[in-house]
Amino acid sequence: TVPAPQFHARLVVELMSTTTSMTPHAARLTTRARPSSSRIASPSPSTPKTSAKTTMCALDKRRHRSRGTFAVSSASSSSGAIGDVAGNPYEQTSSAANERQALFNDIAPVYDRLNDQLSLGLHRAWKRCAVKWCGATIGARALDVCCGSGDVAIKLSDAVGATGAVVGLDFAANQLKYAGEKEASRRVELGEYAESRMAPIEWIEGDALALPFEDDSFDCATIAYGLRNVSDIPLALRELRRVVRPGAKVAVLDFNNPTDATTASVQGFVLDNIVVPFADLNGVAAEYRYLRPSIERFPRGQEQVDLARDAGFCQAEFYEL
């Protein structure tokens, strides 16, 4: 999703909660992918399956073993009219999901530029934090759900190195196209060192609610600015828990839905009077108007922690940034 200036939070699942200031939503999963570079795959059949720092560990249904850690960051929000595209924080209509898919395809050409301008470049630092929170290490298999234009997945590739593997999954084909191009540019930039420093990345067009991976496939995972936009948040969390291995961490970064009325008012003012008009200059004002209602319907810190635990994570922490 599109970052706006200020008010963010993060959630890490192992179960502790705190608060953060407004930042983009991010989460990271470590997984294993096939050793292919800059490849976009079509969705494949899947098995049924907060800005503060939050960690959460998944519990195996048969054995009470720790399965993962989940971290979420979120940004603050404000009050206002809520459109259909936002859905509700737990379950949204399929039509709303289709609208969001079209939205992210439409904004793909200007997505990165607007992220840089609206966050003053801070989204890059927040995304680096998400990679750190998920515990990506050399040789790990990492998963980035709702990967968008690939920023987090590429950072994961650097973190796990040439002996690791990364999968970036998104439902917007246009975003994946730009992600592949961005990866290729990064490899050109590194030149002869690319093969020794970056893990192969597989770009997959797929559904966060039906991840096309076997159980226990990844060592870590992330989801940045994506959990707020899925049509069924509890199901998305269960899917993340399912595909990460015992002891793995999941980091989620997103806008925070603040409880403080003053903070919410300021964030609402910024979104309505700075973000949307600025997006209008780039011809995508309509696409950015969904931000405010989507943030307002996003579960707050403790709610995110509770949802993570309900999804099977043994621990969860929420921090505002």
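**Notebook: ring pairs, salt bridges and helix α3**

I started with F255, which has a relative accessibility of 0% and therefore counts as buried. The model I am reading is a predicted one.

**Entry 1, aromatic pairs.** I searched the whole structure for aromatic pairs and found two. In one of them, the ring centres of F213 and F218 lie 5.0 Å apart and the planes stand at 90 degrees, so I logged this pair as edge-to-face. I then checked both residues for exposure: F213 and F218 are each buried. The other pair is Y225 with F255, which I logged as tilted, with 5.5 Å from centre to centre and 50 degrees between the planes. This contact joins distant parts of the chain, since Y225 sits in the loop between β8 and α6 while F255 belongs to strand β9, 30 residues apart. Is Y225 buried or exposed? Y225 has a relative accessibility of 3%, so I put it down as buried, because the cut-off for that class is under 20%.

**Entry 2, salt bridges from β9 and β8.** My count for the structure is 13 salt bridges. I looked up R228 next and found a salt bridge to D254, with the closest N and O atoms 2.7 Å apart. R228 is in the loop between β8 and α6 (233-243) and D254 is in strand β9, so this pair too links distant parts of the chain, 26 residues apart. I expected to have to check each end for exposure: R228 is at 2% relative accessibility and counts as buried, and D254 is at 0% and is also buried.

I also noted one network here: salt bridges with shared partners connect K127, D151 and K182.

What does D219 pair with? I found its side chain in a salt bridge with that of R245, at 2.8 Å from N to O. D219 lies in strand β8 (residues 218-224) and R245 in strand β9 (residues 244-255), so the bridge ties together parts that are 26 residues apart in sequence. Both ends have some exposure by my reading: D219 is partly exposed with a relative accessible area of 26%, and R245 is at 25% and falls in the partly exposed class as well.

**Entry 3, helices α3 and α4.** I turned to R186 and found its side chain in a salt bridge with D158, 3.2 Å from N to O. R186 is in helix α4 (residues 173-190) and D158 is in helix α3 (residues 151-160), so the contact ties together parts 28 residues apart in sequence. D158 came out as partly exposed, at a relative accessible area of 28%.

I then went through α3 residue by residue. Which of its residues are buried? My list is D151, V152, A153, I154, K155, L156, S157 and V160. That makes eight of the ten residues of α3, so I describe the helix as largely enclosed by the rest of the structure. D151, one of the buried residues of α3, is also a member of the network with K127 and K182 noted above. After α3 comes G161, for which I read a positive phi, near 70 degrees.

**Entry 4, charge over a ring.** Last, I looked up K177 and Y178. The charged end of K177 sits over the ring of Y178, at 4.8 Å from the ring centre.

Methods:
Residues are numbered from 1 along each chain as its sequence is written. This is a predicted model: local features need pLDDT of at least 70, side-chain atom pairs count only at pLDDT 80 or more; totals for chains, interfaces and linings use all residues. Side-chain values use heavy atoms; hydrogens and water are left out. A salt bridge is a side-chain nitrogen of Lys or Arg within 4 Å of a carboxyl oxygen of Asp or Glu. Helices (H or I, at least four residues) and strands (E, at least two) are DSSP runs, numbered from the N terminus. Buried means under 20% relative accessible area, exposed over 50%, partly exposed in between (1.4 Å probe, protein chains only). Rings of Phe, Tyr and Trp (its six-membered ring) pair if their centres lie within 6.5 Å; planes under 30 degrees apart count as stacked, over 60 as edge-to-face and the rest as tilted. A charge sits over a ring if NZ of Lys or CZ of Arg is within 6 Å of the ring centre and within 35 degrees of the ring normal.
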